[in-house]
Amino acid sequence: MSKHSVLILSDKNESSQAWLEAFRQRGLQAESVPSAASALDRWLAAAPMLTVVDLSLPVEECLKICRDLRVLGGAPILLILPSASGNVILEAHRAGVTECLIQPASPAVILLKALAWSMRAGWDWPVSGPISPMGFSE
């Protein structure tokens, strides 16, 4: 993967397809993988600019996957959570997650987060127009 790449680790086909399309429309390489093993392989080859994790697994399993990814590099990890109860967000940050969003997470919000991280890190992200939720599935 390259510095203009987004990896989506999701077992939710509908939302991952919407996110893939949104990132591709912005000129980014985007790939979706359904398993942690596939995501780890991609990170071993080259860490993406951003990884979005949205899995229908217990939170502890998602956090373990995030810890495993974090060991491999410093690229941002965005974890989509079904809800924010108790210390889940704190535990996510301890697991190496850069930021958490609560479902439903729209492609526009994820694009804005990716843009913010890219600007903070000085990444060269091909932004050619405004980011709008128009046309994205919620």
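Two strands count as paired if DSSP finds at least two bridges between them. Keep that in mind for this model, which is a predicted one.

Let's start with strand β1, residues 5-10. This strand is mostly covered, with six of its six residues buried. Ser5, Leu7 and Leu9 point one way from β1, while Val6, Ile8 and Ser10 point the other way. Both sets are buried.

Who are the neighbours of β1? Here are its two pairings, side by side.

| Partner of β1 | Residues | Bridges | Sense | One facing pair |
|---|---|---|---|---|
| β2 | 29-33 | five | parallel | Ser5 with Gln29 |
| β3 | 50-54 | five | parallel | Leu9 with Val53 |

How does the chain get from β1 to β2? Helix α1, residues 13-25, joins in, and β1, α1 and β2 together make a right-handed β-α-β unit.

Now for the helices. Helix α2 covers residues 36-45 and helix α3 residues 59-72. Their axes come within 10 Å and cross at roughly 10°. Angles under 35 degrees count as roughly parallel, so α2 is roughly parallel to α3.

Which residues make that contact? On the α2 side they are Ala36, Ala39, Leu40, Trp43 and Leu44. On the α3 side, you'll find Ile65, Asp68, Leu69, Arg70 and Leu72. Sorted by class, the contact of α2 with α3 has eight nonpolar residues, two charged ones and no polar ones.

Key: Residues are numbered from 1 along each chain as its sequence is written. This is a predicted model: local features need pLDDT of at least 70, side-chain atom pairs count only at pLDDT 80 or more; totals for chains, interfaces and linings use all residues. Side-chain values use heavy atoms; hydrogens and water are left out. Axes are lines fitted to C-alpha atoms, for helices over the stretch in contact, and angles run from 0 to 180 degrees between N-to-C directions. Helices (H or I, at least four residues) and strands (E, at least two) are DSSP runs, numbered from the N terminus. Angles under 35 degrees count as roughly parallel, over 145 as roughly antiparallel, 65 to 115 as roughly perpendicular and the rest as oblique. Contact means heavy atoms within 4.5 Å. Ala, Val, Leu, Ile, Met, Phe, Trp, Tyr, Cys and Pro count as nonpolar, Asp, Glu, Lys and Arg as charged, and the others, Gly among them, as polar. Buried means under 20% relative accessible area, exposed over 50%, partly exposed in between (1.4 Å probe, protein chains only). A crossover is right-handed if, with the strands pointing away from the viewer, the path from the first strand over the helix to the second runs clockwise.
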